[in-house]
Amino acid sequence: MNFAFSEEQEELRRSVRRFLEDKSPETEVRRLMETDAGYDPAVWKQMGEQLGLQGLAVPEEYGGAGYGYVELVVVLEEMGRALLCAPYFSTVALAANLLLASGDEQAKKDYLPGLASGATVGTVALAEASGRWDEAGVTLQASGSGDDWTLTGEKRYVTDGHTSDLVLVAARGASGVSVFAVERGAAGSGAAPVQTMDQTRKQATLTFSGTPARLVGAEGAGWSAVSSMLDKAAVALAAEQVGGAQRVLEMAVEYAKVRVQFGRPIGSFQAIKHKCADMLLEVESAKSAAYYGGWAAAEDSDELPAVASLAKSYCSEAYFHAAADNIQVHGGIGFTWEHPAHLYFKRAKSSELLFGDPTYHRELLAQRIGL
């Protein structure tokens with residue numbers, strides 16, 4: 001089993017990093033996080049048409065490039081490093097993954113080409129007022145049969161929900177949880193952006209009042225597809241977290257080399273040395289967990305459910321610790337609005353809670369390995 005990236009994958013990393021250094025510098029991140037949409041449509045179009053990033057892991061038969069999940073991990077790691085403001089995670093890691101897991105050939109043919117090209121922005125609406133990410137948390141009502149369905153209820157914490165053209169909604173009907181597709185502007189639907197701690201990743205509350213919807217997959221069999229999507233999304237998020245953690249580690253080390261106190265660089269003090277060494281250990285361990293998750297997802301391994309929860313719990317804590325320690329190393333300036341340290345800290349905290357916190361995923365891991 002070889003976890004080294006190929007030369008082609010490393011070239012992909014270099015290409016994406018160059019693109020993001022040009023299109024997503026800190027100044028642009030700060031500009032976009034103040035806007036309602038939260039992303040630049042021109043950059044989004046470039047990502048789809050010139051780099052083909054949205055369709056990277058979508059099979060060729062549905063308009064994608066047909067690469068695997070390892071390549072997607074590489075791209076997401078770089079996006080997490082740059083704090084890219086774009087609906088990439090919601091479109092690719094959520095909507096596209098759920099469609100691929102649904103087993104609905106017609107829905108895949110209808111929706112995946114648009115998601116893969118970047119013409120369609122997509123997301124998944126799962127959590128509700130309870131804040132739960134499991135099957136029991138799905139209470140939004142679905143009524144109907146055959147091709148005639150309506151949805152009634154509310155979804156919370158929907159990533160990029162107010163800018164998405166396609167929302168895949170988990171709802172509960174007489175037969176259990178099913179997945180439904182709702183397109184932008186559908187009758188009886190509403191989307192309200194919400195204020196979040198992490199302004200670089202927009203969220204919305206979606207409401208449905210007798211909203212017509214299209215059943216995706218078999219009626220009552222939606223949770224298995226959602227569960228599969230959540231595992232792959234957890235791995236994707238872990239890759240993002242690793243990218244951010246690596247960047248804050250670099251920021252801390254760079255500052256420790258140049259900040260002079262008592263006539264010597266602060267990096268020469270034992271307390272700072274130990275803090276940076278601990279950060280390095282956690283970040284490198286997090287990389288191993290995320291990369292292993294990417295391999296398991298790419299191979300559709302039986303280990304994926306367990307590995308996904310392991311990667312999500314470990315990478316969440318590693319990123320949060322690294323982001324917090326980066327602020328400590330920077331001292332007073334690290335607490336200011338002008339310094340980028342707080343942007344990574346806020347992303348680390350919000351990502352830690354997305355799809356369930358580390359405690360939830362450790363419990364899930366224990367269940368999945370039979371403890």
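**Figure 1. Helix α10 in the predicted model has the span expected of its length**. At 1.5 Å a residue, the 13 residues of α10 should cover 18 Å. The C-alpha atoms at its ends are 19 Å apart, which agrees. Buried positions run through the helix: Ala341, His342, Leu343, Tyr344, Lys346, Arg347, Ala348, Ser351 and Glu352. These buried residues pack against five helices, namely α2 (26-33), α4 (69-82), α7, α9 (304-330) and α11. Lys349 of this view is shown with Phe320: the charged end of Lys349 sits over the Phe320 ring, 4.8 Å from the ring centre. Phe355 follows α10 and has a positive phi, near 65°.

**Figure 2. Trp133 and Phe355 form an edge-to-face aromatic pair**. Their ring centres are 5.4 Å apart, and the planes meet at 75°. An angle over 60 degrees counts as edge-to-face, which is why the pair is classed that way. Trp133 lies in the loop between β1 (122-125) and β2 (141-145). Phe355 lies in the loop between α10 (341-353) and α11 (358-368). The pair therefore ties together parts that are 222 residues apart in sequence. Both partners are shielded: Trp133 is buried at 13% relative accessibility, and Phe355 is buried with a relative accessible area of 6%. Phe89 joins Trp133 and Phe355 in one aromatic cluster. The structure holds 7 aromatic pairs.

**Figure 3. Trp149 and Phe180 form a tilted aromatic pair between two strands**. The centres are 5.2 Å apart, with 55° between the planes. Trp149 belongs to strand β3 (residues 148-159), and Phe180 to strand β5 (residues 176-183). The pair thus ties together parts that are 31 residues apart in sequence. Trp149 and Phe180 are both buried.

**Figure 4. Strand β4 pairs with β1 and with β5**. Of the 8 residues of β4 (residues 166-173), 7 are buried. The strand is therefore largely enclosed by the rest of the structure. With β1, the pairing is parallel and runs over 4 bridges. Thr123 has Val167 of β4 as its bridge partner. With β5, the pairing is antiparallel and runs over 8 bridges. Here Leu166 stands opposite Glu183 of β5. A hairpin of 2 residues joins β4 to β5.

**Figure 5. The largest nonpolar core has 69 residues**. Tyr88, Phe89 and Leu168 have the most contacts inside this core. Helix α7 (residues 222-258) supplies the largest share of the core, 11 residues. Beyond its neighbours within four places in sequence, Tyr88 is in contact with Trp44, Met47, Leu53, Gln54, Leu72, Val75, Leu76, Met79 and Ala93. Another core, of 24 residues, lies apart from the largest one. Its members include Leu32, Cys85, Ala252 and Tyr255. In soluble globular proteins, nonpolar side chains tend to be buried together.

**Figure 6. Helix α9 is mostly covered**. Buried residues make up 19 of its 27. At 1.5 Å a residue, the 27 residues should span 39 Å. The end C-alpha atoms of α9 are 38 Å apart, which agrees. Gly331 comes just after α9 and takes a positive phi of about 70°.

**Figure 7. Leu83 and Tyr157 have positive phi values, though neither is a glycine**. Leu83 has a phi near 50°. Leu83 sits in the loop between α4 and α5 (88-102). At 2% relative accessibility, Leu83 counts as buried. Tyr157 has a phi of about 55° and is placed in strand β3. With a relative accessible area of 36%, Tyr157 is partly exposed.

**Figure 8. The charged end of Arg13 sits over the ring of Phe5**. The distance from this charged end to the centre of the Phe5 ring is 5.2 Å.

Technical notes. Residues are numbered from 1 along each chain as its sequence is written. This is a predicted model: local features need pLDDT of at least 70, side-chain atom pairs count only at pLDDT 80 or more; totals for chains, interfaces and linings use all residues. Side-chain values use heavy atoms; hydrogens and water are left out. Rings of Phe, Tyr and Trp (its six-membered ring) pair if their centres lie within 6.5 Å; planes under 30 degrees apart count as stacked, over 60 as edge-to-face and the rest as tilted. Buried means under 20% relative accessible area, exposed over 50%, partly exposed in between (1.4 Å probe, protein chains only). A charge sits over a ring if NZ of Lys or CZ of Arg is within 6 Å of the ring centre and within 35 degrees of the ring normal. Two strands pair if DSSP finds at least two bridges between them. A nonpolar core is a set of buried Ala, Val, Leu, Ile, Met, Phe, Trp, Tyr and Cys residues joined through side-chain atoms within 4.5 Å. Contact means heavy atoms within 4.5 Å. The expected span of a helix is 1.5 Å times one less than its number of residues.
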